[in-house]
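Q: Please take a close look at a single part of this structure. I am new to it, so start with the terms and build up from there.

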Amino acid sequence: MLFDRKRRKIFEDEALPHLEALYRSALGMIRNPSAAEDLLQETYKEAWASFHRYQPGTDCKAWLFRILFRLRSKQLRRAGQFQWAELEDVPEEKLSTPPDALRKLDSARVLQVIESMPEHYRNILILADAEQFSYHEISRILDLPIGTVMSRLNRGRQLFRQKFFQGKGQQQSA
């Protein structure tokens, strides 16, 4: 009984502070609040069930994100939707960003562009740029080679810039 109370306290102290970050990422992946809540609930359920394997004091946030992404991958595989489609080749000149354009970022537009991106780029952008995970942490969370993480992050950022500023030009000219 004492062990369970101690374990619960450690879980609450180390895992629960990451609830919002996990929900934001789940919502970014799924784009449905109810389904994101379900995925979050499954993530914490699995985290609690396997908490005896967690080493207190280590990176609990990365551990939880790894569970979240593994569960999401399972969901997609079960639904027959899991794929790592590659981005079509986009000429480099179309991916350049005007230097002063970064000062004019519109948060609603940023979210719109991120939501329109292929999931394998969107996930890495969320982990790297929104959640501030390192390449190594993202590699562990998504179970990908670090080179793949770096490549997808680079291509994802390029695609983001292309879509963001392409849409800005279309909006401004309308």
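A: Helices and strands here are DSSP runs, numbered from the N terminus: a helix is H or I over at least four residues, a strand is E over at least two. This is a predicted model, in which local features need pLDDT of at least 70 and side-chain atom pairs count only at pLDDT 80 or more, while totals for chains, interfaces and linings use all residues. Residues are numbered from 1 along each chain as its sequence is written, and side-chain values use heavy atoms, with hydrogens and water left out.

The part to look at is helix α6. First, its setting. The protein has eight helices and zero strands. Its pattern along the sequence is α-α-α-α-α-α-α-α. Of its 174 residues, 41% are buried. Buried means under 20% relative accessible area, exposed means over 50%, and partly exposed lies in between, with a 1.4 Å probe and protein chains only. Contact means heavy atoms within 4.5 Å. Take the contacts between residues at least 6 apart in sequence: 75% of them join residues at least 24 apart.

Now α6 itself. It spans residues 119-130. How many of its twelve residues are buried? Nine are, so α6 is largely enclosed by the rest of the structure. The buried residues are His120, Tyr121, Arg122, Asn123, Ile124, Leu125, Ile126, Leu127 and Ala128.

What does α6 pack against? Start with α7, residues 135-142. The axes of α6 and α7 lie 10 Å apart, at an angle of about 140 degrees. Axes are lines fitted to C-alpha atoms, for helices over the stretch in contact, and angles run from 0 to 180 degrees between N-to-C directions. That angle makes α6 oblique to α7. Angles under 35 degrees count as roughly parallel, over 145 as roughly antiparallel, 65 to 115 as roughly perpendicular and the rest as oblique. The crossing of α6 and α7 is right-handed: the near helix is turned clockwise from the far one by less than a right angle, whereas anticlockwise would be left-handed. On the α6 side, Ile124, Leu127 and Ala128 make the contact. On the α7 side, Ile138, Ile141 and Leu142 do. By class, that contact has six nonpolar, no polar and no charged residues. Nonpolar covers Ala, Val, Leu, Ile, Met, Phe, Trp, Tyr, Cys and Pro; charged covers Asp, Glu, Lys and Arg; the others, Gly among them, are polar.

Next comes α4, residues 60-78. The axes of α4 and α6 come within 13 Å and cross at roughly 170 degrees. That makes the two roughly antiparallel. From α6, Glu119, Asn123 and Leu127 take part. They meet Phe65, Phe69, Arg72 and Leu76 of α4. The class count for α4 with α6 is four nonpolar, one polar and two charged residues. Leu127 also appears in the contact with α7.

α4 has another partner, α2, which covers residues 19-30. Their axes come within 11 Å and cross at roughly 25 degrees. α2 is therefore roughly parallel to α4. The crossing of α2 and α4 is right-handed. The α4 residues in this contact include Phe65, Phe69 and Arg72. Those three meet α6 as well. The α2 residues include Ala21, Leu22 and Met29. By class, the contact of α2 with α4 has nine nonpolar, two polar and two charged residues.

α2 also holds Gly28. Which residues does Gly28 touch, not counting those up to four places away in sequence? They are Arg122 and Ile126, both among the buried residues of α6. Gly28 counts as buried, at 15% relative accessibility. The C-alpha atoms of Gly28 and Leu111 are 8.7 Å apart, though 83 residues separate them along the chain.

Finally, the way out of α6. The helix is followed by Gln132, whose phi is positive, near 60 degrees. Gln132 sits in the loop between α6 and α7. Is Gln132 buried or exposed? Gln132 is exposed, with a relative accessible area of 59%. Past α7, the loop before α8 (146-173) holds Asp143. Asp143 has a positive phi too, near 55 degrees. Its relative accessible area is 58%, so Asp143 is exposed.
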